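This briefing concerns enclosed space and burial in one protein structure. Please look over the sequence and the model before reading on.

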Amino acid sequence: MKNNILFYNSISPLIYQVITIICGFILPRLILSHFGTEINGLVNSISQFLGVISFLELGVGAVVQSSLYKPLADNDNINVSKVIASADKFFRKLGYILAIYVGVMLFYYPYLVKQSFGFMFTATLILAISIRSFAQYFFGIVNRLLLMADQKAYIQYIAQTVAIIINTIACYVLIAFDCSVQVVYCMTSLIFFLQPYAIHLYIKKYYALDRKIHYDVEPIKQKWNGVAQHVAAVILSGSDTVVLTIFSTLANVSIYAIYFLPMSGARLVIMSMISGIEALIGNLWAKQDLKELRKVFAWTEWLIHTGTTLIFTLTAVLIVPFVQVYTHGVSDANYIQPLFGILLVAANSGHCLRLPYNIMILAAGHYKQTQHNYIIAAVINIVISIIGVKQFGLIGVTLGTMAAMVYQTVWMAWYNSKNFIQWPMRNFFKQMAVNVVSAVSIFTVTGYFNMTGVSYLGWVVLAIKATVCGVFVVFLINYIFYKEFVLKITDKIMKRFC
């Protein structure tokens with residue numbers, strides 16, 4: 001039964017990520033070709049500024065999820081209800097704060113970009129994009145956290161997959177009928193408003209929760225200890241666009257967004273590989289089954305590192321040819337930025353390489369003990385990004401992220417080695433050395449490949465050749481250094497498909 005749940009939680013996000021990647025390529029291209037670079041940059045900038053409100057989540061979401069592991073494992077509905085009731089109150093207040101923030105943004109942000117767009121144009125676009133955020137804070141986030149903690153993430157992924165498909169079709173039709181960008185994003189918000197409501201109905205039907213239950217003692221024990229982790233996560237994942245909006249141009253925001261498309265696709269693929277793992281690790285830690293925990297963690301670490309190395313190295317090889325094809329015919333900005341593309345890939349690979357260690361820290365609830373690490377990483381990222389963007393433009397923002405990721409990945413690996421898994425750091429450095437050898441080898445082998453023409457067919461052919469070589473290189477190198485894991489994953493694949 002446990003294996004089936006893990007399979008559902010692995011395959012459903014994989015399908016979701018594939019659909020997200022496909023639709024994520026279609027919609028921005030429609031926006032870019034129909035509305036232009038400036039509006040594409042404006043849309044991405046507004047989305048990131050709205051994302052700033054997630055600072056106020058203060059890491060409570062992660063703490064809520066980790067607080068649910070124990071009562072769910074014990075089938076303790078009373079304490080589950082108390083945690084959910086407390087979380088509901090917090091996120092509902094955050095929804096009201098979001099309304100105030102959007103009101104302030106309506107008056108401030110249009111003046112930030114007034115040289116490009118009028119006040120009413122920008123203000124109405126902000127309103128259209130912000131609607132979907134309200135649904136998340138009023139009845140979306142808490143239900144999602146409950147499903148994640150209860151190892152039923154596949155339910156929300158199914159709902160999200162359906163919503164993304166419907167949204168892409170609806171936006172395509174609206175753009176074909178020459179509707180305004182405000183109408184397009186208003187429809188997007190409406191569709192994604194309905195998705196969390198559907199999950200809300202599912203929770204109401206299948207969980208015996210008392211959301212109005214009274215409690216005298218705060219049920220979320222470390223409610224405020226995840227602040228540093230959360231603030232750092234928001235900065236590390238969303239500060240680049242904000243920095244570019246303030247210190248650069250909307251054209252650079254658009255270029256960044258286009259390069260981030262395949263990047264986000266690569267990250268989504270890695271995230272799909274580990275869906276359900278945090279809940280499993282949290283469950284094992286709650287039961288203090290340390291022997292099984294070490295086995296699961298060792299497998300997770302190798303799988304994430306190997307998958308990240310393969311996928312991100314291939315992304316670095318293919319990103320510029322992809323942008324050439326994707327922006328073909330768009331001439332209002334220079335989208336061919338090879339060095340920026342490679343550095344962006346390298347910086348973002350760090351987000352995934354640190355995942356096994358971050359998962360273990362969150363699953364164990366070590367928020368307070370690790371918060372200084374997150375604060376330092378956030379400061380490194382912001383300071384270097386601001387200094388860098390003034391000196392080097394687009395390349396500058398990647399330097400801040402890269403420096404922060406190197407620091408945080410090494411520190412987290414050390415903390416996990418010392419406090420949870422209790423094995424020597426040479427295991428981590430061996431894994432990193434294998435990553436580097438694999439990446440350099442893939443670059444060397446694929447360096448002889450060229451795209452036959454600026455077309456999707458030409459890019460697909462190049463991608464197939466690069467992927468075949470990349471898989472072969474990674475398989476060969478890991479067979480030498482991690483033979484047991486290679487045989488294990490080969491056996492799993494053979495059993496699934498043969």
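How many nonpolar, polar and charged residues does the lining of the largest cavity have, by class? The lining has 7 nonpolar, 2 polar and 1 charged residues, where Ala, Val, Leu, Ile, Met, Phe, Trp, Tyr, Cys and Pro count as nonpolar, Asp, Glu, Lys and Arg as charged, and the others, Gly among them, as polar. This is a predicted model, in which local features need pLDDT of at least 70, side-chain atom pairs count only at pLDDT 80 or more, and totals for chains, interfaces and linings use all residues. Residues are numbered from 1 along each chain as its sequence is written, and side-chain values use heavy atoms, with hydrogens and water left out.

**Cavities**
- The whole structure holds 3 cavities of 30 Å³ or more, a cavity being a set of points on a 1 Å grid over the protein atoms alone where a 1.4 Å probe fits but cannot get out, with lining residues having an atom within 4 Å of a point.
- The largest cavity encloses about 60 Å³, and helix 16 gives the most to its lining, with 3 residues.
- The second largest cavity, of about 50 Å³, is lined by residues including Asp240, Arg267, Asn348 and His351.

**Helix 13**
- Helices are DSSP runs (H or I, at least four residues) numbered from the N terminus.
- Because 12 of its 16 residues are buried, helix 13 is largely enclosed by the rest of the structure; buried means under 20% relative accessible area with a 1.4 Å probe, protein chains only.
- Asn348 and His351 are among these buried residues, and both also line the second largest cavity.

How values were computed
Buried means under 20% relative accessible area, exposed over 50%, partly exposed in between (1.4 Å probe, protein chains only). Helices (H or I, at least four residues) and strands (E, at least two) are DSSP runs, numbered from the N terminus. On a 1 Å grid over the protein atoms alone, a cavity is a set of points where a 1.4 Å probe fits but cannot get out, and a pocket is an open set with protein on both sides within 12 Å along at least five of seven lines; lining residues have an atom within 4 Å of a point. Grid points are joined across faces, edges and corners, and a volume is the space filled by probe spheres set on the points.
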